[in-house]
Amino acid sequence: MKITSILHSAIYIMISIPVLSQSSKEWHYNITNKENKGTAYDNSFKIKVVFQNGKYIAHTYSNLYEIEVQKSEVTDSLGKVKEGETIVYDVNGEILSKSYYKNNIKNGTTILYKNGKAYANQEHKDGFLVGSGALFTSDHEQYATYDMDKNGNGTINHNDKSFKPYTLKYQNGKCNDTILVETLSNTGKSRIVYKDNKIADMKSWDNNDKPLAITDTVYYTRAKYKNKTNGWLDFCRENYEYPKIASKKNIRGVVVFKIDIDESGNTSNARILRTPHESLTNEVLRLIQLSGKWTPAKIYNLPVKTTFQTYYVF
């Protein structure tokens, strides 16, 4: 893994886009005057096409967390190479970042945005961070600073809301360091060995120095419902009650929301990002309250409090 600007970002798979017809009933259109931009979602709400003045300008793959727009023509189904400008939007069309690629490698200036305004720049050379700056989560919270020379030598100093401060050292763009990280709440610690930017070994202990099982030797594991990848969607299918007013008016669509999940899996602070109708909003809020505890996210195999974003399609 190269030194990237946002470690918490989603993974995107670029796929080919079918020819669209304005009369096609299998596509859901959202035409706005903002920047004279239009969008179209397929029935899974994952493929999005962006066009201006009625002409195709970009294609994207979206998992309803973020939307990546690649401004180049579709050449194949899976092997798309990023070249030139790439823009990432949130689910409501607000710009999050603008980056530049050469031969699928990030080069030049990456600009980060919040509420439509730029708030930070990051420089890359051949995929590596250079210079000094800060790293941010997808919620625009700073979690680290970096100081790197043009050859990829330097440090990334982590100081986030979950762990006591720690530092990763890099040489020629690669991390071959061993670190010990401890949670601020003193609930656990992990010893991590990096080799060529990858985690080669990891051991974890609770606050009583009892070894913890290693579920996966990765930096970050997203929160899940009942420890299942599709647990939330399965729960919704089994428990949802289609609102009478929505059924009567044949209102359908996707409700996108965020919740906070603490280290123990308790949920709080639910907020709706997008909804087609208030009745569907209320049903999703009811399902969240009914769901009970979730499986918390993990960083370095240790449970942490995070903001989780997901959806349900009615």
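C236 sits at 0% relative accessibility and so counts as buried. C175 is in a similar position: this cysteine has a relative accessible area of 1% and is buried too. As a bit of background, a disulfide is a covalent bond between the sulfur atoms of two cysteines. In this predicted model, the number of disulfides comes to zero.

Stepping back to the whole chain, there are three helices and 24 strands. Of the 314 residues, 44% count as buried. The chain exposes about 16700 Å², and carbon and sulfur atoms supply 47% of that area. Contacts reach across the sequence as well: among those with a separation of 6 or more, 41% are between residues 24 or more positions apart.

How much confidence does the predictor place in all this? The mean pLDDT of the chain is 77, with 73% of the residues reaching 70 or more. Residues 1-68 are another matter, since pLDDT stays under 50 over that stretch. The model still has 192 contacts beyond four places in sequence for residues 1-68. Residues 70-79 also have pLDDT below 50, and this stretch makes 28 contacts in the model beyond near neighbours in sequence. Where pLDDT is low, the predicted coordinates should not be read in detail.

Next comes strand β20. This strand covers residues 254-261, and eight of its eight residues are buried. In a regular strand the side chains alternate between the two faces of the sheet. For β20, both faces turn out to be covered. One side carries V254, V256, K258 and D260, while the other carries V255, F257, I259 and I261, and all of these residues are buried. The charged-residue names K258 and D260 thus appear in the list alongside V254 and V256 on one covered face.

The neighbours of β20 come into view through its pairing. Strands of a sheet pair through backbone hydrogen bonds, either parallel or antiparallel. With strand β24 (residues 306-313), β20 runs antiparallel, and eight bridges join the two. V254 of β20, for instance, has V313 as its bridge partner in β24. Strand β21 (residues 267-274) is also antiparallel to β20, joined to it by five bridges. Here D260 finds its bridge partner in S268 of β21. The strands β20 and β21 form a hairpin with five residues between them, and in this hairpin G265 takes a positive phi near 95 degrees.

Elsewhere, four strands make up an open sheet, in the order β15-β16-β17-β18, with antiparallel pairing. The edges of this sheet are β15 and β18, each of which pairs on one side only. Two bridges hold the antiparallel pairing of β17 with β18. S204, for example, has L212 in β18 as its bridge partner.

Charged side chains are worth a look as well. Side chains of opposite charge can pair when their charged atoms come close. A search of the whole structure turns up eight salt bridges. One of them joins E182 to K164, with the closest N and O atoms 3.9 Å apart. E182 belongs to strand β15 (residues 178-182) and K164 to the loop between β13 (154-158) and β14 (166-170), so this pair ties together parts that are 18 residues apart in sequence. Both partners are partly exposed, E182 at 31% relative accessibility and K164 with a relative accessible area of 32%.

D209 and K189 form another salt bridge, and their closest N and O atoms are 3.2 Å apart. This pair links distant parts of the chain: D209 is in the loop between β17 (198-206) and β18 (211-212), K189 is in strand β16 (residues 188-195), and they are 20 residues apart. D209 is partly exposed, with a relative accessible area of 48%, and K189 is partly exposed at 24%.

A further salt bridge stays within one helix. E283 pairs with R286, the closest N and O atoms being 2.7 Å apart. Both residues lie in helix α3 (residues 278-291), three residues apart, which is about one turn of the helix. Is each partner buried or partly exposed? E283 counts as buried because its relative accessibility is 6%, whereas R286, at 28%, counts as partly exposed.

How values were computed
Residues are numbered from 1 along each chain as its sequence is written. This is a predicted model: local features need pLDDT of at least 70, side-chain atom pairs count only at pLDDT 80 or more; totals for chains, interfaces and linings use all residues. Side-chain values use heavy atoms; hydrogens and water are left out. Buried means under 20% relative accessible area, exposed over 50%, partly exposed in between (1.4 Å probe, protein chains only). Two strands pair if DSSP finds at least two bridges between them. A disulfide is a pair of cysteine sulfur atoms within 2.5 Å. A salt bridge is a side-chain nitrogen of Lys or Arg within 4 Å of a carboxyl oxygen of Asp or Glu. pLDDT is the predictor's confidence in each residue, from 0 to 100. Contact means heavy atoms within 4.5 Å. Accessible areas come from the Shrake-Rupley method with a 1.4 Å probe; for residues, only the protein chains shown count as cover.
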